[in-house]
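This report is meant for someone meeting the structure for the first time. It moves from the overall fold to the interior and then to the surface.

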Amino acid sequence: MPTEQNIEVALRWADMDANRHLNNVEFFRLLEEARARWFPTTGDGASLLTSGIVVAGQGLDYSMPLTYRHEPVLVGLSVSRVGTSSFTLRCRIYDAPADSVARVYAAGNVVMVAINEGSGRSRPFTVPERRWLESLKG
């Protein structure tokens, strides 16, 4: 089972739709914010953000509405697959109350691809990048 890392992300009032639920598009913004904080700034995986990485695909299954509140939600991220130039992140947006079972609002996957920014084409992971990603598979 992959090791999940949890990142708190605040909700914004402007993220709500006419039904006072978090708009479906805003769930992807929560994932983006969590991913930006998930990548390391030093060490083996730090070059992924500075060398170029893009989202190749993402999908979410929504399980319950999320309404605005002051408390942040948790975004859980775990590496489920590492390829030559891409990896897949399992993700979920949820609450983990101390007195009950977690409430999962959405769960899915994001495929990330390392790119050469000069050519715009995919590039293989460096040895340190691969080492970091593989260490997160659990």
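How many helices and how many strands does the secondary structure of the chain come to? In this predicted model, the chain has three helices and five strands, and these follow one another along the sequence in the pattern β-α-α-β-β-β-β-α. Because the radius of gyration is 16 Å, close to the 14 Å that the globule rule gives for 138 residues, the chain is as compact as a globular protein of that length. Along the principal axes, its C-alpha atoms fill a box of roughly 45 × 30 × 25 Å.

Among the contacts in the chain with a separation of 6 or more, 68% are between residues 24 or more positions apart. Buried residues make up 41% of the 138 residues.

The largest nonpolar core holds 33 residues, of which Trp 38, Phe 87 and Leu 133 touch the most other members. The elements that give two or more residues to this core are set out below.

| Element | Residues |
|---|---|
| Strand 1 | 5–9 |
| Helix 1 | 24–38 |
| Strand 2 | 53–62 |
| Strand 3 | 73–82 |
| Strand 4 | 86–95 |
| Strand 5 | 103–114 |
| Helix 3 | 127–135 |

Leaving aside residues up to four places away in sequence, Trp 38 touches Gln 5, Ile 7, Leu 77, Val 79, Phe 87, Leu 89, Trp 132, Leu 133 and Leu 136.

Turning to the surface, the chain exposes about 7600 Å², and carbon and sulfur atoms supply 51% of this area. The chain has 15 positive and 15 negative side chains, and the centres of these two sets lie 5 Å apart.

Terms used:
Residues numbered from 1 in each chain as written. Predicted model: local features only at pLDDT ≥ 70, side-chain atom pairs only at ≥ 80, totals over all residues. Heavy atoms only, no water. Core = buried A, V, L, I, M, F, W, Y, C linked by side-chain atoms within 4.5 Å. Buried < 20%, exposed > 50% of the residue type's maximum accessible area, 1.4 Å probe, protein only. Helix = DSSP H or I, 4+ residues; strand = E, 2+ residues; numbered from the N terminus. Contact = heavy atoms within 4.5 Å. Rg over C-alpha atoms; globule rule 2.2 N^0.38 Å. Areas by Shrake-Rupley, 256 points an atom, 1.4 Å probe, with all protein chains shown as cover. Lys, Arg positive; Asp, Glu negative; His and termini not counted. Charge placed at Lys NZ, Arg CZ, Asp CG, Glu CD.
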